[in-house]
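Please work through the exercises below with the sequence and the structure open beside you. Each task is followed by a solution that goes step by step.

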Amino acid sequence: MPDGPGGAGRHDRHDRVVVVDFGAQYAQLIARRVREAHVYSEIVPRTMPADRLLAHRPAALILSGGPASVYEPGAPGLDPAVLRAGVPVLGICYGAQVLARELGGRVERTGRAEYGRTQLEVRRTGPLFRDQPERQTVWMSHTDTITAPPPGAAVLAATPDTPVAAFGDPERRCYGVQFHPEVAHTDWGRQHLKGFLFDVAGCRPTWTELSIIEEAVAEIRSRVGGERVLCGLSGGVDSAVAAALVHKAVGDQLTCVFVDTGLMRQGEAEQVEDTFRRQFHVDLVHVKAHDRFLAALAGVTDPERKRRIIGELFIRTFEEVAADHGDARFLVQGTLYPDVVESGGGDSAVIKTHHNVGGLPDDLRFELIEPLRHLFKDEVRAVGEELGLPEEIVWRQPFPGPGLAVRVVGEVTAERLELVRRADAIVLEEIRRAGLYRRIWQSFAVLLGVHTVGVMGDGRTYAHPVVVRAVTSEDAMTADWARLPPELLERIATRIINEVPGVNRVAYDVTSKPPGTIEWE
């Protein structure tokens, strides 16, 4: 997790809001909403001991929702030592129930659960509801209900089925809301959070794109000194912004290395060359390693093995380049906060190993520089714009580090890569033509490891099915399948079948995340 115990690092210059994760699907969204208010936030697991939690020196705590009931045996709770520390606390959903119970309130299973949009009646204004309408729409998702506030706390809002939809104790600076202010369906949710951050906790809005850049540059200069630095450049937004930040800090001490794995999208290698060598005059080493990566992946079908093989081979390639560039000591990576969380950073469960986190070899000889490690994707884009990177780089749809290897289900071969590459190019071309590229988080094609029967030209075929995947998201931690127009899907399917030999069927993936992931592997 960010900065480690005590929160040492450049973020000490900012007020820090710690989000305690009780297993919520929205914990990352809470942290993002806090940052959107220009206050630095980070996420810690609810299992973190009180002394370690308080060592982060939080200006405020936010207790997330969660799937448990406060009355279940072993239900997650909060160490009373945290509340005795006097740090302002906001509980959300399950977090509000935990807070209410710990402070002496009453939580019950009333038999009247609430899910979805609900009408809230504000009883008292105060910091959370100041200058807001008396009736407003909020998003609920709970079965247990707070039926009495803690002693000394007032009921701030209610719904027809929840007598204590929000409570507050100004003296102890403890507040709870049964609804979810972090989701877009709660009309005034961002104002609720800002009321807590600024009016209750007194946080300062100092976390901005400019501050991120200034502090990252200063930290990189201090750490690197006069040493040589290598950057793994893929051409995507993450590595591009990381490279721009480091270049701003150390100038020509930086050499960017583009490892052409043969797993890239159509025309991508040429675009990287044109953008970074010819337009930005970056010292760029183009390593053509198609055969090497294909050989390493031969016969491999397990997704985790693919990621680990690719991650290690990336590093070994960098080491070879480093030997020709003054034995560079530092390696820059475009690792993001969601990469760390999904790869099991801290106490988080492993969802999938990102090749640049859990896929790194144990004997890595570089010291890593990861200037984006604490940032969500939307923050990275904002930093990229502030640095002056072109729109086609900043707003490029995310592309997985292992490339098309995780969009070919099963064994990766040159033939199967070419099939998915051509299908993928059609998907992106049609998405752009429809004016939807910026509105969709990711859109791509997946090649399945099976064959299907079809009929083409009055003859039987036994060929590959392609799955089209398009999702909307804000940070990749959760995603919803994109409701593409039927006529657009028809154009994509028709073109893929007509223009990509070896494909006779196209399907559209309508799975959200969770339960699925954005990529198929």
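**Exercise 1: the surroundings of L128**

In this predicted model, L128 is in contact with L90, Y175, V177, Q191, H192, F196 and V200, once its neighbours within four places in sequence are left aside.

Task: Decide in which helix L128 lies, and whether L128 is buried or exposed.

Solution: Begin with the secondary structure, where L128 lies in helix α5, which covers residues 126-129. Next take the relative accessible area of L128, which is 2%; because buried means under 20%, L128 is buried. Finally, set L128 against D424, which is 296 residues away along the chain, and the C-alpha atoms of the two turn out to be separated by 47 Å.

**Exercise 2: D238**

Task: Find which residues are in contact with D238, leaving aside its neighbours within four places in sequence, and decide whether D238 counts as buried or exposed.

Solution: First place D238 in helix α8, which is made of residues 237-250. Then list its contacts beyond those sequence neighbours, which are G334, L336, L372, K377 and V380. Last, compare its relative accessibility of 17% with the cut-off of 20%; D238 therefore counts as buried.

**Exercise 3: the length and start of helix α11**

Task: Work out what span the 21 residues of helix α11 should have at 1.5 Å a residue, and set this against how far apart its end C-alpha atoms are.

Solution: The expected span is 1.5 Å times one less than the number of residues, so for residues 303-323 it comes to 30 Å. The end C-alpha atoms of α11 are 31 Å apart, which agrees with that expectation. At the start of α11, look also at D302, from which a side-chain oxygen reaches to within 3.1 Å of the backbone nitrogen of E304.

**Exercise 4: two strand pairs**

Task: Determine in which sense β11 and β12 pair, and in which sense β15 and β17 run, parallel or antiparallel.

Solution: Strand β11 (residues 254-260) pairs with strand β12 (residues 284-288) in the parallel sense, over five bridges, and V257 stands opposite V285 in β12. Together with helix α9 (residues 268-279), β11 and β12 make a right-handed β-α-β unit.

Turning to the second pair, β15 is joined by six bridges to strand β17 (residues 459-472), and the two run antiparallel, with A445 opposite V468 in β17. For β15 itself (residues 442-447), six of its six residues are buried: Q442, F444 and V446 point one way, while S443, A445 and L447 point the other way.

Conventions. Residues are numbered from 1 along each chain as its sequence is written. This is a predicted model: local features need pLDDT of at least 70, side-chain atom pairs count only at pLDDT 80 or more; totals for chains, interfaces and linings use all residues. Side-chain values use heavy atoms; hydrogens and water are left out. Helices (H or I, at least four residues) and strands (E, at least two) are DSSP runs, numbered from the N terminus. A polar contact is a pair of N or O atoms within 3.5 Å; within protein, one must be able to donate a hydrogen and the other to accept it, and residues adjacent in sequence count only if both atoms are side-chain atoms. Two strands pair if DSSP finds at least two bridges between them. A crossover is right-handed if, with the strands pointing away from the viewer, the path from the first strand over the helix to the second runs clockwise. Buried means under 20% relative accessible area, exposed over 50%, partly exposed in between (1.4 Å probe, protein chains only). Contact means heavy atoms within 4.5 Å.
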